[in-house]
Amino acid sequence: MDLVDRRELLDRLERYYDAVPLSGARVEDFGPLTLFVREGQGWPFYARPTLGWSGAVSAADVDRVRARQRELGVPESFEWVAETTPALRAAVEQAGLAVHEHPLMVLGPDVPAPAVPEMAAGVVVRTLGPDDPALPSALAVPHLAFAEPGTGSGVAGLAELGEAVRGLAGDGSVESAAERILAGRTCVAAAVEDGTSLCAGQHQPVGAVTEIVGVGTLPAARRRGLGHAVTAALVADARSRGVETVFLSAGDDDVARIYARLGFRTVATALIAEPVE
């Protein structure tokens, strides 16, 4: 990929990052930074560079956004692409935040969609409709996966997943996800066994671009190829909708190698800044 193509691709992703929260969040303007505030249930949004901003950004700008995030009771989180907004890292670090790097990977329109592999008997990989009984566990399982990061087998199993599903009851998150599925704004795919999602993820199309997010496997069910299969199913669904550019942020280099086997290539570095624990 030459510099012109890479610049055009990163510009396309910037427009996507700016557009995708708009279906479920309001925008608060902080000059060089934009804060997206979710309205309704679901994952909280973040602050990021204002689209088209070409001026400076300071630690004071970051502090203003953080104060508003604390006032709203939402995570003090900032997300951006290192190569697109290189000056922001110094500002957020001066403001006392820790910056985490993640490979930003793209499956371009010239790369064939990976085949969904055959699963062990009893496991079905499918996209979920708004009334699918596996939807609550598909929404719950990534939370358990991200609480035990990595690719090795972990502790949380079906008992913990059942408890997490019960925790979703009545908070509106399942209903909100069902509405987004029905509206075509979100696709949820899952590897389902005995009616329970052992692995799940989503993609959220905006025009010809979509991001695969939240792919997570129940820690006790890892090392079975479930994440690979769910990602392939999400790509297949995206291509069926006419999406040309599919991208994601890998958790680390080990996870990036898994996605590379599906045809994704690293094009930049996604940065996430959060308070130091």
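**Exercise 1.** Is Cys199 buried or exposed? Work it out from its accessible area, then sort out the cysteine pairing in this predicted model.

*Solution.*
- Start with the area: Cys199 has a relative accessible area of 0%. The cut-off for buried is under 20%, so Cys199 is buried.
- Now its partner, if any. The nearest cysteine sulfur to that of Cys199 belongs to Cys187 and is 13 Å away.
- A disulfide needs the two sulfur atoms within 2.5 Å, so Cys199 is in no disulfide.
- Flip it around: for Cys187 the nearest cysteine sulfur is that of Cys199, again 13 Å away, and Cys187 is in no disulfide either.
- The tally for the structure is 0 disulfides.
- Cys187 also counts as buried, because its relative accessibility is 4%.

**Exercise 2.** Where does Ser77 lie, and which residues is Ser77 in contact with, leaving aside its neighbours within four places in sequence?

*Solution.*
- Place it along the chain: Ser77 sits in the loop between helix 2 (59-72) and strand 4 (78-81).
- Check exposure: with 8% relative accessibility, Ser77 counts as buried.
- List the contacts, skipping neighbours within four places in sequence: Tyr46, Ala47, Gln69, Ile272, Ala273 and Glu274.

**Exercise 3.** In which element is confidence lowest, and in which is it highest?

*Solution.*
- Get the overall picture: the average pLDDT is 93, and 98% of the residues score at least 70.
- Go to the low end: helix 8 (residues 253-260) has the lowest confidence, at a mean of 89.
- Then the high end: strand 7 (residues 187-193) comes out highest, at 98.
- A reading tip: where pLDDT is low, don't read the predicted coordinates in detail.

How values were computed:
Residues are numbered from 1 along each chain as its sequence is written. This is a predicted model: local features need pLDDT of at least 70, side-chain atom pairs count only at pLDDT 80 or more; totals for chains, interfaces and linings use all residues. Side-chain values use heavy atoms; hydrogens and water are left out. Buried means under 20% relative accessible area, exposed over 50%, partly exposed in between (1.4 Å probe, protein chains only). Helices (H or I, at least four residues) and strands (E, at least two) are DSSP runs, numbered from the N terminus. Contact means heavy atoms within 4.5 Å. pLDDT is the predictor's confidence in each residue, from 0 to 100.
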